[in-house]
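Let's take a walk through a few spots in this model. Have the sequence and the 3D view open while you read.

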Amino acid sequence: MDGQAGLRQGLEQRRSARLYRRRRLLQSPQAAHVVVDGRSCINFSSNDYLGLANDSRVLAAFARGAETFGVGSGASHLVCGHGPEHHALEEELAAFTGRERALLFSTGYMANIGAVAALVQRGDYIFEDKLNHASLLDAGRLSGARMQRFLHNDIAALQRRLESCPGAASKLIAVDGVFSMDGDCAPLSELALAASRYKAWLLVDDAHGFGVLGVNGGGLLQDAGLGQREVPILMATFGKALGTFGAFVAGSEELVETLIQQARTYIYTTALPPAVAAATRESLRLVQRESWRREHLQFLVTRLRLGAEQLGLALLPSNTAIQPLVLGDAARALQVSEKLFEQGFFVPAIRPPTVPQGTARLRITLSAAHSEGDIDRLLQALEHCAS
Ligand SMILES: *Cc1c(COP(=O)(O)O)cnc(C)c1O
């Protein structure tokens, strides 16, 4: 079989397993109400949890940034791409998260790969929750360290693995703060205790908690009252609640300087456009100042969960903006998602290998931009399509 025929066969297998992925066209700005493939619908698929991706003030900051600094950053941070907007954003992130320093990365995927590789190498150990985001799992593999995956949120299983590895080896525990396809949270206080007992690093990827949780949006770590001492490596992204693009790692002076020297995904890539950093600075101000966004989101989460319970729809246990409805096989998840789309609701079907076999689901995400009415209409549609 030639190469093309092999590809064709692989694609056909995917299609018949109902695992084929295809992109829809978003024809309006990111918002609660969008136009997708020519159809107006209510959007329950976005990670723009606070409704900031198209906020006029964030947009204005972006435009001012572009007028002042142009579009492209021109080079990596270490060559000539590091400007005042980047620098100020790093300082503001360090202050906001209560860490000594913060370092920008162009994406969250790259931040995880860079941070993990700087801390563990061949001969070392990395411990990861089975449901960690793909970027953390890939980071573990690429690092060359011995990868130990433990059952989801199972501290006893993690401790057994820590126990059985050589005391002198470097160890890193890496977890999602809020799990991206399940919406539940890692038991951070217990993880921090285990990390300190076994002298392991602890890295928390708070992509889905940052901006959303905590009294002023400081994320799951703020919510749990954990500082740099308990969680020495905090990673979070701007592409979700902050509504922009990019990511950062925060921690000690030594950690950040080590990343600047060694993280290949930091060194060998073009810096974020300065206008994106400017927009993110404005977004960070709004996250802190407009706590009504978090309060409204929480209100909507409660409303959805109560309504679903009344309909006998078992959402996974989650009190974050991610509210999954597990449907079982991929074909069923796809069918329900398509039916909802025909009725004007954009709710994606998440299938293996993104989630384990037999747990294909609708991943419903809520946003502060939704109204009560949006939630009620979704519940009516779910009653028709999914029960
Ligand atoms: C989205 C996400 C990432 C990747 O961030 P990008 O900036 O989109 O590359 C990493 N970790 C988690 C948990 C995520 O949800």
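Which residues of α6 are buried? They are Ser 135, Leu 136, Leu 137, Ala 139, Gly 140 and Ser 143, where buried means under 20% relative accessible area with a 1.4 Å probe, counting protein chains only. Before going on, note that this is a predicted model, in which local features need pLDDT of at least 70 and side-chain atom pairs count only at pLDDT 80 or more, while totals for chains, interfaces and linings use all residues. Residues are numbered from 1 along each chain as its sequence is written, and side-chain values use heavy atoms, with hydrogens and water left out.

**Around α6**

What do those buried residues of α6 pack against? They pack against α5 (108-119), β4 (125-129), β5 (146-150), β6 (171-176) and β7 (201-205). Helices here are DSSP runs of H or I with at least four residues, strands are runs of E with at least two, and both are numbered from the N terminus. Just past the end of α6, Gly 144 has a positive phi of about 85 degrees.

Ser 135 sits in α6, which covers residues 134-143. Its C-alpha lies 5.1 Å from that of Tyr 109, though the two are 26 residues apart in sequence. The side chains of Ser 135 and Asn 112 are joined by a polar contact of 3.0 Å (a pair of N or O atoms within 3.5 Å; within protein, one must be able to donate a hydrogen and the other to accept it, and residues adjacent in sequence count only if both atoms are side-chain atoms).

**Two buried residues side by side**

Glu 85 belongs to helix α4 (residues 84-97). The table sets out Ser 135 and Glu 85; contact means heavy atoms within 4.5 Å, and neighbours within four places in sequence are left aside.

| Residue | Relative accessible area | In contact with |
|---|---|---|
| Ser 135 | 2% | Tyr 109, Asn 112, Ile 113, Asp 205 |
| Glu 85 | 17% | Phe 69, Pro 274, Ala 277, Ala 278, Arg 281 |

**α13 and α15**

How do the axes of α13 (residues 292-311) and α15 (residues 372-386) cross? They come within 10 Å and cross at roughly 25 degrees, so α13 is roughly parallel to α15. Axes are lines fitted to C-alpha atoms, for helices over the stretch in contact, with angles from 0 to 180 degrees between N-to-C directions; under 35 degrees counts as roughly parallel.

Among the α13 residues that meet α15 are Phe 299, Leu 300 and Arg 303, and the α15 side includes Ile 375, Asp 376 and Glu 383.

Technical notes:
Buried means under 20% relative accessible area, exposed over 50%, partly exposed in between (1.4 Å probe, protein chains only). Angles under 35 degrees count as roughly parallel, over 145 as roughly antiparallel, 65 to 115 as roughly perpendicular and the rest as oblique.
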